[in-house]
Amino acid sequence: MVRDCIVATIHFLQSLDAYGVDPARVVVCGDSVGGGVATIICQTLASSRGLPRIRAQIMIYAALQGLDFQSPSYQQNKNVPLLTWTFAFYCLCCYLDINPSWQSTMKKGAHLPPEVWEKYKKWLDSENIPERFKKRGYHPVAPAPLDEAAFLETNVLLHPACSPLIAGDDVVSQLPEACIVSCEYDLLRDHSLLYKKRLEDLGVRVTWHHMEDGFHGVLNTLDLGCLHFPCSARILNVITHFIKGL
């Protein structure tokens, strides 16, 4: 899927005249896994030559890493629909062809060796998350001892194409301006908070909107009549405002 999206983006950037698109105003956007893919596209093309530079990236409750499953949002929102921990792990296994039997092992952090945790601690540590996001309950959990079999099967998660949150500074520092939307009752909330900090620390301009009443997938309720959540319209409005301001 990621490769298809990258190829499609490159084709589009090479064909802007045919579509009547201003080369200086191309924006990549996605929500959930799509938000992660939008990030990967921008990272992949950040240093490409011969293509128009992407003007901005928009990430709506994006999925950005598959290493740490004990951050505050994972503890607080593990049973919150539409994305519970069990369903999220099932989707991860289907996407990357990982055996579902590793669920408990990965949740405990036993799928990665100590040196990996140490390497990426500077970007994944809960200390990078503002204290106000820990008030609904959070207890730091140290990774369990390594399960080597789990590591052999799941180490694909260390590739930036699976976990763009841990891409190198040399890549992240080149990224275009970003708009990030996070939701309080989202299992993946902390992905957005951590990536926001990474971008800002490297001098990338970030516009951030946090939906205090939002949950993962809420944008999909926009046209669902009585099942509509006001938060979905607010997300659409902030995205529209961001694009108009570019």
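**Exercises on a predicted model**

**Exercise 1.** Find the residues that make the nonpolar surface patch of about 290 Å², and place Met1 in the chain.

Solution. In this predicted model, Met1, Val33 and Tyr95 make the patch, which covers about 290 Å². Next, look at what follows Met1: helix H1 spans 2-14, and Met1 lies in the segment before this helix.

**Exercise 2.** Work out the strand order of the open sheet, and explain why S1 and S4 each have one side without a neighbour.

Solution. Start with the order: the four strands run S1-S2-S3-S4, and their pairing is parallel. Then turn to the edges. Strand S1 (27-31) and strand S4 (206-215) stand there with a single partner strand each, so one side of each has no neighbour in the sheet. From one strand to the next, the twist averages 10 degrees. Finally, take the pair S3 and S4: S3 covers residues 177-185 and is joined to S4 by seven bridges. Across from Ser182 stands His210 in S4.

**Exercise 3.** Determine which strands helices H3 and H11 meet.

Solution. Take H3, residues 33-45, which packs on the sheet and touches S1 and S2 (56-60). The direction of H3 makes about 150 degrees with that of S1. Now take H11, residues 230-244: this helix lies across S2, S3 and S4, at about 170 degrees to S4.

**Exercise 4.** Describe the two spans that UniProt annotates as "domain: Alpha/beta hydrolase fold-3".

Solution. The unreviewed UniProt entry gives residues 3-84 and 151-219. Residues 3-84 are 41% helix and 12% strand, with end C-alpha atoms 27 Å apart. Residues 151-219 are 30% helix and 28% strand, with end C-alpha atoms 35 Å apart.

Definitions and conventions
Residues are numbered from 1 along each chain as its sequence is written. This is a predicted model: local features need pLDDT of at least 70, side-chain atom pairs count only at pLDDT 80 or more; totals for chains, interfaces and linings use all residues. Side-chain values use heavy atoms; hydrogens and water are left out. Patches are made of residues with over 30% relative accessible area and no salt bridge: like charges are joined within 9 Å, nonpolar side chains (Val, Leu, Ile, Met, Phe, Trp, Tyr) within 5 Å. Accessible areas come from the Shrake-Rupley method with a 1.4 Å probe; for residues, only the protein chains shown count as cover. A salt bridge is a side-chain nitrogen of Lys or Arg within 4 Å of a carboxyl oxygen of Asp or Glu. Helices (H or I, at least four residues) and strands (E, at least two) are DSSP runs, numbered from the N terminus. Two strands pair if DSSP finds at least two bridges between them. Axes are lines fitted to C-alpha atoms, for helices over the stretch in contact, and angles run from 0 to 180 degrees between N-to-C directions. Contact means heavy atoms within 4.5 Å. UniProt positions are given in the numbering used here, feature names are shortened, and annotations may be inferred rather than shown by experiment.
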